[in-house]
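Biologist: Please take a close look at a single part of this model, the largest cavity, and describe what surrounds it.

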2 protein chains.
Amino acid sequence: MADSNKKSVLIVGGGAVGAIAAVNLEAGGLATVTLVLRSNYDVVKEHGYTISSCDHGNLKGWRPSVVRNSIPDLVGEGIEQPFDYVMLCTKNMPDILPTAVDLISPALPTGSNASKTTLILLQNGLNIEKPFLRPHPNVCILSGISMIGSAETRPGTIIQDEGDKLLIGAFPTSNINPAVPERRAEEFVHMYSAGGKTKCTYSPNVLHDRWKKLVFNACLNPICAITGLDDGRLRLADGALDGLVRPAMREIVAAAKAVCGMDLDPGVVEETIHVDPLESWLKPSMQQDLEKGNFLEYENLLGEPLRAGRNAGVSMPTLEVLYYLAKAIQWRIKEKRGLVEVPGKK
Amino acid sequence: MADSNKKSVLIVGGGAVGAIAAVNLEAGGLATVTLVLRSNYDVVKEHGYTISSCDHGNLKGWRPSVVRNSIPDLVGEGIEQPFDYVMLCTKNMPDILPTAVDLISPALPTGSNASKTTLILLQNGLNIEKPFLRPHPNVCILSGISMIGSAETRPGTIIQDEGDKLLIGAFPTSNINPAVPERRAEEFVHMYSAGGKTKCTYSPNVLHDRWKKLVFNACLNPICAITGLDDGRLRLADGALDGLVRPAMREIVAAAKAVCGMDLDPGVVEETIHVDPLESWLKPSMQQDLEKGNFLEYENLLGEPLRAGRNAGVSMPTLEVLYYLAKAIQWRIKEKRGLVEVPGKK
């Protein structure tokens, strides 16, 4: 935070999305990045990242300005100048503690300083901003929709094979004068675009982009996870498209309309089904997480659109069953990881 | 078939259910059993069964009168005297070839001999008799509902820890004078009860028993398989009973009423949920099959009640999603077993 011409950006989560965001922001020259890591901290601290990126080329031993293994605690560490931007690039699992709010709160200023920091939620799903509104009413929150293709193949090693496309806009539920988050969004887009290697765009209707992405994320994500079929095989399996995928997607389209009057393009169902080439046999993130024994990010991807749609009077029978199946599977993962206990066998 | 005082019984499938049926029939002294085995043929042929039975005690090296590894071919083998009873004790998977009809047909007499053999389908699910009606219109078909607790822990080793309770009745769709299957059912009950160690009962309304069993089999069976939670854990998992199990079971109750005017007892839902002690952590058969990589018996357990209910105008959204998920999972098992092929990765 020494260079006053640069904005200070705290990125929480240095996996496949956060690491490339850090590379891009530092490359643009308008930001100083502090990156908070968890599982890959030791590797990155010692050896830096090994990155193979279609946008940024091959980088070996790369590190942002600051690497940390804990969330900065503004009060506890006596940090007087709050970060200009705090970007959350972790998964979002409100049913697993600590929640995103618990995690980030120490890095968010309060009182008269609250408006100095802009929080950017670069995560999927609906209503991810809501838990922040009550504890941080004066922090400006932006919505980021990332369409990057990147993966952390092992700790600290990132392969990015599809360009970093990012949509940034204001969350419409923010209780701050809308002009403020809009201006901050534009500032962020300018800063993120400075390196000239990404497509970062200001989106005046980022909620539309979020619902559009849910056509994939609320449907193919859990269906592939639950059936164990990747999104290519699902197109070949007897009856899966007509019995599961299309009904689920149509429920999301109907919910988007009923919840916020949003008309998704009529072709969005078929387009989303065929978004990846069949023969790339891609496994959506929830399927990958299940195979790895990780927790599932199903509450914001599936639960929130379901609850919002039902509250608006939409019948969503397919998503409802998928939701409760995902919830039961999450319980199984919780038991395996020692978060719930069951009595012994009799 | 030498002893003319004894009935000849062909049992197809010598697993946990068929083996105990064979033991019981031979113990009663009124039947001569020919048992057709597949995966455990070599073991049983050479060493006989090792059986630990709450009804019949410990048996070592036990064999029925005849053990075979192929279905008797009446015509091909020149067998002049058809079996009095042919009992089918295998799983029933009409979507996997050979089907039950393909398998059994060589052992069923045709023409003027057709009425000499009674076919007993000791399998779960709805409409299992239907595929036999057209190719074997004059074979009398009985419905058997088994409530035994037994398992084949390894090939040829059977542990039976819950008594053999069997309900026998005529399939109501049979196109033969109803008095004939009723008389045959009573004859079979007499023969099966002769050893005095089982509760084999004639049921005048066996379709009721079949629908009642579907409250478990169409619901807990696929839900446990898909979530990977046994039927005890499913009762503990967040929201699984109210979100999945109870809605599915209520759909079966409604279908039974609409399809054939059958009033299942109002307590059947809660009674079925708690049928096993929670802490026995029992895995229903479909879950066991999935874990073993076996095909799933979902078409008659889930698909047929679903189709019958929908045709009768019942809304069955929960079972519909469970059905298509089971079908997609079956496709995955088919691929793994080489029954379907997919193009290579690009």
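Modeller: A cavity here is a set of grid points where a 1.4 Å probe fits but cannot get out, and its volume is the space filled by probe spheres set on those points. The model is predicted. Searching the whole structure for cavities of 30 Å³ or more gives one, and the volume of the largest cavity is about 40 Å³.

Its lining is made up of Gln123(B), Asn124(B), Gly125(B), Ile145(B), Arg210(B), Lys213(B), Leu214(B) and Asn217(B). By class, two of the lining residues are nonpolar, four are polar and two are charged. Helix α6(B) gives the most to this lining, with four residues. Both domain 1 (7-204) and domain 2 (208-337) of chain B contribute lining residues, so the cavity lies between them.

The surroundings of α6(B) include a sheet. This open sheet has eight strands in the order β5-β2-β1-β6-β7-β8-β11-β12 (chain B), and its pairing is mixed. At its edges are β5 (66-68) and β12 (199-202) of chain B, each of which pairs on one side only. On average, neighbouring strands are turned by 20° against each other, direction ignored. Helix α6 (residues 206-217) of chain B packs on this sheet and touches β7 (118-121), β8 (140-146) and β11 (165-170) of chain B. The direction of α6(B) makes about 45° with that of β8(B).

Elsewhere in the sheet, strand β2 (residues 31-36) of chain B pairs with β5(B) in the parallel sense over three bridges. Val36(B) has Arg68(B) in β5(B) as its bridge partner.

Note on methods. Residues numbered from 1 in each chain as written. Chains lettered and ligands numbered in written order. Predicted model: local features only at pLDDT ≥ 70, side-chain atom pairs only at ≥ 80, totals over all residues. Heavy atoms only, no water. Pairing = 2+ DSSP bridges. Helix = DSSP H or I, 4+ residues; strand = E, 2+ residues; numbered from the N terminus. Axes fitted to C-alpha atoms, helices over the stretch in contact; angles between N-to-C directions. Contact = heavy atoms within 4.5 Å. 1 Å grid on protein atoms, 1.4 Å probe; cavity = no way out; pocket = protein on both sides within 12 Å on 5 of 7 lines; lining within 4 Å. Nonpolar A, V, L, I, M, F, W, Y, C, P; charged D, E, K, R; others polar. Domains from an automatic or database assignment.
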